[in-house]
2 protein chains.
Amino acid sequence: MVENENQVSSRLSQAIETLQRYCRQPGISAQGVGISETIDLIKEMVADAGGQVKVLDDLGGNPVIYAEFEPGPQGNPDKTLLFYNHYDVQPPEPLEEWIYPPFGAEIHDGKIFARGVSDNKADLIVRLQAISVLQQKGLPIRIKFLIEGEEEIGSPTLPRYLDKYATLFRADACVWEWAQKNAEEKLEMVAGAKGLCYLELTSETADIDIHSAYAPVTDNAAWRLVQALASLKSADHRILVEGFYDDVEKPSESLKDIARSYPYDTAAASSLYGMKTTSPVETEDARAALLFEPTMTICGIESGYTAAGVKTVIPRRAKAKLDCRLVPRQNPEDIARKIRLHLDAHGFADISVEMLSSSHPFRSDMDHPFLGVVKETAAAVYGEGKYALLPNYPGTGPMHLFAQYLGKDMPIVAIGTGWWDDRIHAPNESIRIRDFEEALQYMVRFIGEF
Amino acid sequence: MVENENQVSSRLSQAIETLQRYCRQPGISAQGVGISETIDLIKEMVADAGGQVKVLDDLGGNPVIYAEFEPGPQGNPDKTLLFYNHYDVQPPEPLEEWIYPPFGAEIHDGKIFARGVSDNKADLIVRLQAISVLQQKGLPIRIKFLIEGEEEIGSPTLPRYLDKYATLFRADACVWEWAQKNAEEKLEMVAGAKGLCYLELTSETADIDIHSAYAPVTDNAAWRLVQALASLKSADHRILVEGFYDDVEKPSESLKDIARSYPYDTAAASSLYGMKTTSPVETEDARAALLFEPTMTICGIESGYTAAGVKTVIPRRAKAKLDCRLVPRQNPEDIARKIRLHLDAHGFADISVEMLSSSHPFRSDMDHPFLGVVKETAAAVYGEGKYALLPNYPGTGPMHLFAQYLGKDMPIVAIGTGWWDDRIHAPNESIRIRDFEEALQYMVRFIGEF
């Protein structure tokens with residue numbers, strides 16, 4: 001391994017130059033800027049690392065790049081690792097807030113500043129450079145890449161490509177695009193994501209708003225929606241929908257152990273967000289809640305007169321947006337159905353429920369040997385206590401699409417180069433060069449151990 | 001009385017000409033148009049009817065006109081009737097929707113069309129012309145007028161004038177500006193108004209909106225407001241605030257009789273407003289509810305993301321506007337205090353309550369002899385079954401200001417010339433000439449009987 005570490009060190013400056021070149025090529029999906037130029041550059045970089053490229057563009061949207069690297073003579077051709085990356089970046093605006101040019105990839109204070117450098121250009125370069133290092137003795141396994149160009153706009157056409165090209169992308173395990181070190185400088189690797197059931201509830205009681213003098217004899221859309229919402233969740237945060245928690249599994253002791261090491265602190269969050277009320281849960285419970293508990297959030301509600309001053313009116317219509325984060329074994333369609341049944345059963349059959357977005361929860365088998373390799377490598381490279389492998393994000397992501405099309409038993413783990421203040425999606429995005437070097441060491445070792 | 005009826009008939013054309021002249025003079029408080037010209041015209045009309053005018057303009061706002069008519073030699077100088085009118089009108093816009101010019105006062109199909117003709121120029125002319133008729137034998141009582149110029153913008157300076165000039169305006173009874181025949185051609189006279197307690201409730205849980213992945217550990221302003229509101233009123237329309245109904249009097253049998261004749265029909269209202277849900281009450285109960293029951297209405301609610309599509313966010317703030325209509329003996333300050341105490345007691349001490357507007361309920365003593373004269377005159381002029389004397393509006397009005405400054409025992413009754421389709425505040429406002437003639441007959445007889 002010392003041999004590899006030396007190779008990484010001697011390769012670092014070349015890797016940084018390649019990353020800078022990649023960062024200087026904008027590829028902005030939201031604005032349709034530089035897509036084909038970015039693809040050409042990736043083709044060149046894959047070829048440099050000894051791989052083959054197929055540009056898939058027959059199903060609409062920005063092309064999906066498939067890249068493949070054959071194992072060496074001593075390698076195992078039946079063992080396949082899939083890397084998921086994206087070549088698109090967020091728009092750089094507002095430009096005036098950048099200290100260094102967003103497509104300059106300048107190095108200052110040990111950091112590289114560029115739009116997309118952390119999310120997730122550095123990780124593609126780390127992976128390709130690690131392969132280049134290992135190519136000198138031949139790769140131990142087959143390596144595939146799925147590099148899409150629409151992640152920053154919600155991956156609208158990715159499912160079609162995954163569906164049609166499932167055989168091409170199939171693998172034994174998948175490394176997800178990106179991960180970061182948290183504020184305690186601990187790398188948070190993640191093996192799953194919560195699901196999402198995003199609903200719009202609408203109450204409509206009349207064709208027109210009505211003078212509020214008629215309140216004694218008139219239904220009020222705002223009152224009906226408020227009463228319906230209040231029936232869904234108690235003031236002490238318990239979701240009251242019949243059967244909502246039925247499919248939620250109690251976390252195992254080993255998962256609870258992981259939660260205990262999850263670095264969420266209620267006091268810090270309270271200060272960061274300027275919270276005005278007491279946190280619904282204590283720090284200890286908060287960590288488990290973030291990882292294991294489903295939620296129901298009112299993201300927005302609107303009805304009637306909301307400008308300044310007084311208007312005495314009975315609103316004819318009221319709308320609320322409701323977001324449920326789901327944990328493994330919950331199903332967004334099933335949750336939407338249970339909410340519908342609950343409303344019907346509680347006298348709110350007139351309130352319509354429309355699903356605006358949904359996403360299934362995903363969690364890798366936490367006992368899969370692949371996750372063992374992930375952790376062992378992290379212990380060796382970052383050190384014990386300097387990494388965590390979380391069972392899932394508190395949020396939602398498209399891992400479930402890979403599970404759906406490429407097989408639900410394929411473990412997926414997010415590993416990466418980011419850090420806690422890397423400002424992804426914001427001005428002055430950066431990575432730290434020492435994180436980049438560690439990530440390269442990690443990846444060389446990780447692929448070698450696989 | 002036949003003598004007076006003949007006098008009215010012979011006076012009708014002169015009364016119409018005077019009304020047309022008055023309608024051709026715009027006096028628009030919202031636009032500051034024609035105020036002094038309108039005052040000059042009223043001074044002239046009062047003088048023509050044999051009265052004295054004082055223009056009160058020392059307290060800001062548009063001047064308040066005080067007019068007084070002395071009783072004749074056989075009259076009672078200690079008995080005083082006060083008329084309340086306003087000389088300002090709503091803006092005429094949108095002009096393109098008028099069939100006839102808004103300040104033309106043209107006569108078509110037995111109607112006079114003009115901005116303000118119903119609200120409430122015809123009533124001032126009816127009152128002055130009735131006085132002119134009665135002056136030929138001398139007035140039986142002292143008559144005063146309060147004619148303000150800011151009714152259409154909410155009477156902002158009227159309380160100051162009422163306060164300072166209370167002695168000047170004091171009277172034994174008051175006739176309110178305006179009343180109308182309903183769709184059953186029954187004149188609805190009204191002897192009171194509901195009060196109003198208009199509140200804004202604000203929930204604030206953080207300084208910034210928060211990613212909804214943090215829902216397990218974060219309070220949500222929208223949820224808190226929804227839960228707080230739901231604690232105030234049940235889904236079956238019962239207000240749950242402790243003590244809210246304490247001061248509500250059960251209506252007497254005679255008031256219930258009046259309610260039975262109140263022409264509200266749930267089916268007609270349902271069709272008019274396009275109501276989507278069943279009315280909270282049956283027609284029979286609806287009539288009593290409109291007159292005697294206090295209400296609590298959400299006029300508006302707003303929080304978080306309300307535009308199209310999906311945003312997964314925990315709103316930091318939520319606001320609702322809440323309008324309570326109050327019945328006699330309820331007090332807006334007391335109601336606001338009870339809502340505050342209720343929120344505190346139910347765990348919502350963090351939700352702020354601000355009073356944006358308030359108005360006390362008012363109801364004349366329904367057994368006062370003055371109301372007997374109102375009804376007897378109506379029976380004689382309009383006929384039995386062709387009028388109703390309601391104890392109050394379902395809505396709110398400033399009668400309570402007169403009670404506050406001029407004495408709460410002074411009965412107030414709204415009597416007038418309007419009709420159900422007179423389109424006050426809208427294009428093509430009109431009165432019907434036959435209603436104008438009847439109103440003039442009524443007023444001559446009414447003052448004579450007083």
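Buried, in what follows, means under 20% relative accessible area, exposed means over 50%, and partly exposed is whatever falls in between. That cut-off is handy right away, because B:R115, at 0% relative accessibility, counts as buried. Keep in mind as we go that this is a predicted model.

Let's stay with B:R115 for a moment. Its partner is B:E429, and the two form a salt bridge with the closest N and O atoms 2.5 Å apart. B:E429 sits in the loop between β19 and β20 of chain B, while B:R115 sits in the loop between β5 (111-113) and α3 of that chain, so the pair ties together parts that are 314 residues apart in sequence. B:E429 is buried too, with a relative accessible area of 1%.

The β19–β20 loop of chain B has another residue to look at. B:H425 lies in this loop, between β19 (412-414) and β20 (430-432). Its phi is near 70 degrees, a positive value in a residue other than glycine. B:H425 is partly exposed, because its relative accessible area is 42%.

Now swing over to chain A and find A:D422, in the loop between β19 (412-414) and β20 (430-432) of that chain. What is the nearest side chain of opposite charge to this buried residue? It is A:R423, but at 7.8 Å away, and A:D422 has no salt bridge. The side chain of A:D422 does have a polar contact of 2.8 Å with the side chain of A:S118. Beyond its neighbours within four places in sequence, A:D422 is in contact with several residues, including A:W178, A:Q180 and A:N428.

From A:S118 you can step along to a backbone feature. A cis peptide bond joins A:D119 and A:N120, with omega about -10 degrees. A:N120 belongs to helix α3 (residues 117-135) of chain A. Chain B has a cis peptide bond as well, joining B:D119 and B:N120, and omega there is about -10 degrees. B:N120 is placed in helix α3 (residues 117-135) of chain B.

Next, some charged pairs. Side chains of opposite charge can pair when their charged atoms come close. Over all chains, the count comes to 46 salt bridges. One of them joins A:E70 and A:R142, whose closest N and O atoms are 3.0 Å apart. This pair links distant parts of the chain, 72 residues apart: A:E70 is in the loop between β2 (64-69) and β3 (76-86), and A:R142 is in strand β6 (residues 141-148). Are the two partners buried or exposed, or somewhere in between? A:E70 is partly exposed, with a relative accessible area of 47%, whereas A:R142 is buried at 16%.

A second bridge in chain A joins A:K319 and A:E200, with the closest N and O atoms 3.4 Å apart. A:K319 comes from strand β15 (residues 317-326) and A:E200 from strand β11 (residues 195-204), so parts that are 119 residues apart in sequence are tied together. A:K319 counts as partly exposed at 33% relative accessibility, and A:E200 counts as buried at 11%. Elsewhere in chain A, A:K181, A:E185, A:R432, A:D435 and A:E438 are linked in a network of salt bridges.

Residues 192-347 of chain A carry the annotation "domain: Peptidase M20 dimerisation" in an unreviewed UniProt entry. Over that stretch the chain is 33% helix and 23% strand, and the end C-alpha atoms are 37 Å apart. While you are there, look at A:H237, in the loop between α6 (221-232) and α7 (253-260) of chain A. A:H237 has a positive phi of about 75 degrees although it is not a glycine, and its relative accessible area of 34% makes it partly exposed.

Finally, the interface. How many residues of chain B are in contact with chain A? The count is 77, and they touch 77 residues of chain A. The two chains bury about 5900 Å² between them, 63% of it on carbon and sulfur atoms. On the chain B side, B:V217, B:W223 and B:Y273 lose the most area to chain A, together 13% of what that side buries. There are 31 residue pairs in polar contact between the chains and two salt bridges. B:D207 and A:K276 meet in a salt bridge, 2.5 Å from N to O. Strand β13 (residues 295-304) of chain B supplies the largest share of the side that touches chain A, 10 residues.

Notes: Residues numbered from 1 in each chain as written. Chains lettered and ligands numbered in written order. Predicted model: local features only at pLDDT ≥ 70, side-chain atom pairs only at ≥ 80, totals over all residues. Heavy atoms only, no water. Helix = DSSP H or I, 4+ residues; strand = E, 2+ residues; numbered from the N terminus. Buried < 20%, exposed > 50% of the residue type's maximum accessible area, 1.4 Å probe, protein only. Lys, Arg positive; Asp, Glu negative; His and termini not counted. Salt bridge = Lys/Arg side-chain N within 4 Å of Asp/Glu carboxyl O. Polar contact = N/O pair within 3.5 Å; in protein donor to acceptor, adjacent residues only side chain to side chain. Contact = heavy atoms within 4.5 Å. UniProt positions renumbered as here; feature names shortened; annotations may be inferred. Buried area = accessible area lost by both parts, 1.4 Å probe.
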